[in-house]
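Reader: I am new to reading protein structures, and I would like to learn how to go through one feature at a time. Could you take me through this example slowly?

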Amino acid sequence: MHGTVALARIAHTEEEIRTRVRELGAAIRDDYGESRPLLVSLLKGSVIFLADLVRATGRDCDIDFMSISSYGPEHGLTGVVRIVKDLEEPLEGRDVLVVEDLVDTGLTLSYLVRTLRTRQPASLKICTLVDKAVRRIADLDVHYVGFESTEFLVGYGLDYQGRYRNLPHILAVADPSVLASRPDALLSRHPDLVFPGPGSRRS
Ligand code: PRP
């Protein structure tokens, strides 16, 4: 393995994620008090985070799912999205918490938040596993953040072309252009190449 450049490193271990999700769950439980929040998961990346987060709140919450699709790049950085699958729950009068895996430019969520506000929720907040705040273009309040990052991440719901969502940890990809030419690159390598360093391998 000597002299080989690692494709990725573990940015957040399984244990680190578990601890952070527990903290977020406790904060949500405290903040919402007696209210029963409706957690809205944006498919697909956030489902793994949502599943752990809802249990970390230690209380009964409503959950619902929404699937959106961004218009192509030819439409520019408008953030305009099309709702592919809408919510089943009405939002009027509800305390709504949108759960995301990643907020990057913020364009997707700022558009979505404007749409959801027209349904007159009592409150509307955002919780994201990863926040790339330095890349923000849209003006957006993000209320709960798992991890700040500037890196290209996969794992724990975060994907590259649908791959790697199942990883229990979050990997930072050293050179995303490698994935562009070989999307399976992290699957086919020996784990020592992908997860270098002492203590970085997890059972
Ligand atoms: C990710 C994420 C947000 C969006 C954030 O979705 O879930 O919806 O990108 O980007 P923005 O802040 O720049 O608008 P993705 O397209 O990866 O879909 P997925 O959740 O199905 O993986």
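Reader: Let me begin with strands: which residue is the bridge partner of Leu39 in E3?

Author: Before anything else, keep in mind that this is a predicted model. To read a pairing, one looks for the residue on the neighbouring strand that is matched with the residue in hand; for Leu39 the bridge partner in E3 is Ile63. That match belongs to a wider pairing, since E2 and E3 are joined in the parallel sense over six bridges.

Reader: In which sense do strand E3 and E4 pair, and over how many bridges?

Author: Strand E3, which covers residues 62–70, pairs with E4 in the antiparallel sense over four bridges, and one position to look at is Ser69, which stands opposite Arg82 in E4.

Reader: How should I read the order of the strands in the open sheet of six strands?

Author: The order is read from one side of the sheet to the other, and not along the sequence; here it is E4-E3-E2-E5-E6-E7, with mixed pairing. The strands at the two ends of that order, strand E4 (81–85) and strand E7 (144–148), are the edge strands, and each of them pairs on one side only. Neighbouring strands of this sheet are turned against each other by 30 degrees on average, with direction ignored.

Reader: What can be said about E5 and E6 within this sheet?

Author: E5 and E6 pair in the parallel sense, over eight bridges, and within this pair Glu100 stands opposite Thr128 in E6. Strand E6, residues 123–131, is mostly covered, for seven of its nine residues are buried.

Reader: Which strands make up the open sheet of three strands, and in what order?

Author: The order there is E1-E9-E8, and the pairing is antiparallel. Strand E1 (8–12) and E8 are the edge strands, each pairing on one side only. E1 and E9 run antiparallel and are joined by four bridges, and Ala8 stands opposite Val173 in E9.

Reader: Now the loops: is Arg94 buried or exposed?

Author: To answer such a question one compares the relative accessibility with a cut-off, and a residue counts as buried under 20%. Arg94 is in the loop between E4 and E5, and because its relative accessibility is 18%, it counts as buried. Arg94 also shows how parts that are separated in sequence can be brought together in space, as its C-alpha atom is 6.9 Å from that of Leu38, although the two residues are 56 apart along the chain.

Reader: Which residues other than glycine have a positive phi in the loop between E8 and E9?

Author: Phi is one of the backbone angles, and its sign is worth checking residue by residue. Gln161, which is not a glycine, has a positive phi of about 50 degrees, and this residue sits in the loop between strand E8 (153–154) and strand E9 (170–173). Tyr164 is in the loop between E8 and E9 as well, and its phi is also positive, near 75 degrees. Tyr164 is buried, with a relative accessible area of 4%.

Reader: Which two residues does a cis peptide bond join?

Author: Here one reads the omega angle, and for the bond that joins Leu43 and Lys44 omega is about 5 degrees, so that bond is cis by definition of the record computed here. Put plainly, a cis peptide bond joins Leu43 and Lys44. Lys44 is found in the loop between strand E2 (38–43) and helix H2 (47–56).

Reader: How many residues surround the ligand, and which are the closest?

Author: To read a binding site, one lists the residues around the ligand and then looks at single contacts. The ligand is surrounded by 14 residues, and the closest are Glu100, Asp101, Thr105, Gly106 and Thr108. An oxygen atom of the ligand is 2.5 Å from an N or O atom in the side chain of Asp101, and for the side chain of Glu100 the corresponding distance is 2.8 Å. Lys44 takes part through its backbone, with a polar backbone atom 2.9 Å from an oxygen atom of the ligand. Taken alone the ligand exposes 500 Å², and the protein buries 72% of that.

Reader: Which elements give two or more residues to the shell around the ligand?

Author: They are strand E5 (95–103) and helix H3 (107–117), and the largest share, four residues, comes from E5. By character, the residues of the shell divide into four nonpolar, four polar and six charged.

Definitions and conventions
Residues numbered from 1 in each chain as written. Predicted model: local features only at pLDDT ≥ 70, side-chain atom pairs only at ≥ 80, totals over all residues. Heavy atoms only, no water. Buried < 20%, exposed > 50% of the residue type's maximum accessible area, 1.4 Å probe, protein only. Near = heavy atom within 4 Å. Polar contact = N/O pair within 3.5 Å; in protein donor to acceptor, adjacent residues only side chain to side chain. Areas by Shrake-Rupley, 256 points an atom, 1.4 Å probe, with all protein chains shown as cover. Nonpolar A, V, L, I, M, F, W, Y, C, P; charged D, E, K, R; others polar. Pairing = 2+ DSSP bridges. Axes fitted to C-alpha atoms, helices over the stretch in contact; angles between N-to-C directions.
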